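Here's a quick briefing for anyone meeting this structure for the first time. Have a look at the sequence and the fold, then read on for the highlights.

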Amino acid sequence: MTETNGPALWASALPRPTAETHKHSRGRLGVVSGPPLRTGAARLAARAGLRIGAGLVKVFCPPDAAMVLAPALEAVMLDVFNDPLDLERLSEPMDAVVIGPAAGVDEATVLNIAALERTGAALVLDADALTVFQGRVDQLALGLDRDDVATPHAGEFERLFPGLLAQKGREDAARQAADVLGCIVVLKGDRTVIAAPDGRVRINDGAAPWLATAGSGDVLAGMIGGLLAQSMDSFEAASAAVWLHAEAARRFGPGLIAEDLPDRLPPLIAQRLDAAPGDA
Ligand SMILES: NC(=O)C1=CN([C@@H]2O[C@H](COP(=O)(O)OP(=O)(O)OC[C@H]3O[C@@H](n4cnc5c(N)ncnc54)[C@H](O)[C@@H]3O)[C@@H](O)[C@H]2O)[C@@H](O)CC1
Ligand SMILES: Nc1ncnc2c1ncn2[C@@H]1O[C@H](COP(=O)(O)OP(=O)(O)O)[C@@H](O)[C@H]1O
């Protein structure tokens with residue numbers, strides 16, 4: 001089944017805190033940072049995760065990145081991991097974890113992903129966490145499940161599934177990828193395709209080409225992670241994040257940079273919460 005993505009599909013599933021909610025119960029999101037010269041992507045994702053409502057967001061970084069990150073974070077928390085086992089221990093209490101933005105295309109990233117897969121956290125795999133599985137997509141698929149979300153752009157998709165896009169087109173290629181990976185696939189671009197392993201597909205129209213700017217995908221990964229952390233179903237979380245992300249960019253218009261996106265989310269979310277359920 002193919003649908004046009006829009007708030008009518010998921011607005012009623014957006015998380016709402018209640019009087020009993022505290023920051024831990026609201027949803028805990030982890031974001032894995034790259035090395036000292038590559039921490040910006042994790043910061044973008046972390047801020048987006050907080051803005052979309054995760055109660056607590058922690059960046060996990062290698063030891064030498066800590067003194068770069070610490071002065072650049074406020075509400076976002078920070079923890080250092082020395083190795084994959086450390087990352088596994090720190091991620092155990094998390095409801096969701098984002099890995100990939102500026103993570104590095106190397107075996108350390110593969111081992112870190114394996115460590116995260118041993119926890120109960122829902123995973124968002126983006127950027128380097130996908131590229132690193134070029135030529136070994138079966139290994140990636142082994143560790144993923146329906147709660148997880150992979151967010152390739154067309155280049156990353158091609159690395160994982162060479163020729164599939166050209167052969168099948170975006171919609172069917174994303175559907176097949178979701179089936180093979182066993183997780184939600186968000187094939188990003190001007191018509192982002194959100195595909196589930198059960199064959200459902202949503203197309204996000206209303207392109208916002210202002211999004212073609214470095215780091216906007218990192219923000220999207222954080223937004224999806226923030227909704228997953230709040231226990232939103234992964235297909236709905238991906239759909240909602242993709243729509244809100246595109247809408248924030250559309251409203252901002254020219255001059256948009258990735259940093260602008262997280263802080264544009266609150267009024268959009270408020271509108272959808274007020275309108276739910278049923279408003280398109
Ligand atoms: N602020 C930051 O710290 C940022 C860090 N980033 C990280 O920087 C690293 C390198 O990013 P790159 O942008 O070089 O990596 P990409 O994998 O995005 O780009 C590498 C190549 O892939 C192709 N490609 C990229 N986007 C494509 C698309 N939509 N369709 C088709 N082909 C496409 C292009 O040939 C490009 O040269 C990654 O780890 C990434 O996560 C980026 O996310 C940008 C922001
Ligand atoms: N021409 C476009 N029209 C609409 N959206 C776009 C366009 N180009 C890119 N995007 C969106 O911008 C984001 C870019 O993500 P990505 O390529 O991963 O960038 P980065 O790695 O720099 O964060 C995606 O959400 C994608 O859908």
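Let's start with a pair of helices: α3 passes α11 in a right-handed crossing. Keep in mind that this is a predicted model. After the helices come the annotated sites, the annotated domain and two alanines with unusual backbone angles.

**The α3 and α11 pair**

- Helix α3 covers residues 40-51 and helix α11 covers residues 216-229; they pack at an angle of about 40°, with their axes 7 Å apart.
- Angles under 35 degrees would count as roughly parallel and 65 to 115 as roughly perpendicular, so α3 and α11 are oblique to each other.
- On the α3 side, the residues that meet α11 are Ala41, Leu44, Ala45, Ala46, Arg47, Ala48, Gly49 and Leu50.
- Their partners in α11 are Asp218, Val219, Ala221, Gly222, Met223, Gly225, Gly226 and Ala229.
- Sorted by class, this contact has ten nonpolar, four polar and two charged residues.

**Binding site with Ala41, His153 and Asp218**

- An unreviewed UniProt entry carries a "binding site" annotation on Ala41, His153 and Asp218.
- Asp218 sits in helix α11, and it's buried, with 28 other C-beta atoms within 10 Å.
- Leaving out residues up to four places away in sequence, Asp218 touches Ala41, Leu44, Ala45, Pro101 and Ala258.
- His153 is in the loop between β7 (149-150) and α9 (154-160).
- With 16 C-beta neighbours inside 10 Å, His153 counts as partly exposed.
- Again skipping residues up to four places away in sequence, His153 touches Lys188, Gly189 and Gly217.

**Binding site with Lys188 to Thr192 and Gly217**

- The unreviewed UniProt entry also has a "binding site" annotation covering Lys188, Gly189, Asp190, Arg191, Thr192 and Gly217.
- Those residues span 30 residues in sequence, yet no two of their C-alpha atoms are more than 14.0 Å apart, so they gather at one spot.
- Gly189 belongs to the loop between β8 (184-187) and β9 (192-195), and Asp190 is found in the loop between β8 and β9 too.
- Is Gly189 buried or exposed? Gly189 comes out as partly exposed, with 16 other C-beta atoms within 10 Å.
- Asp190 is partly exposed as well, with 13 other C-beta atoms within 10 Å.
- Setting aside neighbours within four places in sequence, Gly189 is in contact with His153 and Ala154.
- With residues up to four places away in sequence not counted, Asp190 touches Ala207 and Pro209.

**The annotated domain**

- UniProt (unreviewed entry) places the feature "domain: YjeF C-terminal" at residues 6-272.
- The end C-alpha atoms of that span lie 10 Å apart.
- As for its make-up, the span is 45% helix and 14% strand.

**Two alanines with positive phi**

- Ala102 isn't a glycine, but it has a positive phi of about 60°.
- You'll find Ala102 in the loop between β5 (96-99) and α6 (107-117), where it's buried, with 22 other C-beta atoms within 10 Å.
- Ala127 has a positive phi too, near 45°.
- Look for Ala127 in the loop between β6 (122-125) and α7 (128-131).
- Ala127 has 26 C-beta neighbours inside 10 Å and counts as buried.

Key:
Residues are numbered from 1 along each chain as its sequence is written. Chains are lettered from A and ligands numbered from 1 in the order in which they are written. This is a predicted model: local features need pLDDT of at least 70, side-chain atom pairs count only at pLDDT 80 or more; totals for chains, interfaces and linings use all residues. UniProt positions are given in the numbering used here, feature names are shortened, and annotations may be inferred rather than shown by experiment. Helices (H or I, at least four residues) and strands (E, at least two) are DSSP runs, numbered from the N terminus. A residue is buried if 20 or more other C-beta atoms lie within 10 Å of its own, exposed if 12 or fewer, and partly exposed in between; C-beta atoms are placed from the backbone. Two residues are in contact if their C-beta atoms, placed from the backbone, lie within 7 Å. Axes are lines fitted to C-alpha atoms, for helices over the stretch in contact, and angles run from 0 to 180 degrees between N-to-C directions. Angles under 35 degrees count as roughly parallel, over 145 as roughly antiparallel, 65 to 115 as roughly perpendicular and the rest as oblique. A crossing is left-handed if the near helix is turned anticlockwise from the far one by less than a right angle, and right-handed if clockwise. Ala, Val, Leu, Ile, Met, Phe, Trp, Tyr, Cys and Pro count as nonpolar, Asp, Glu, Lys and Arg as charged, and the others, Gly among them, as polar.
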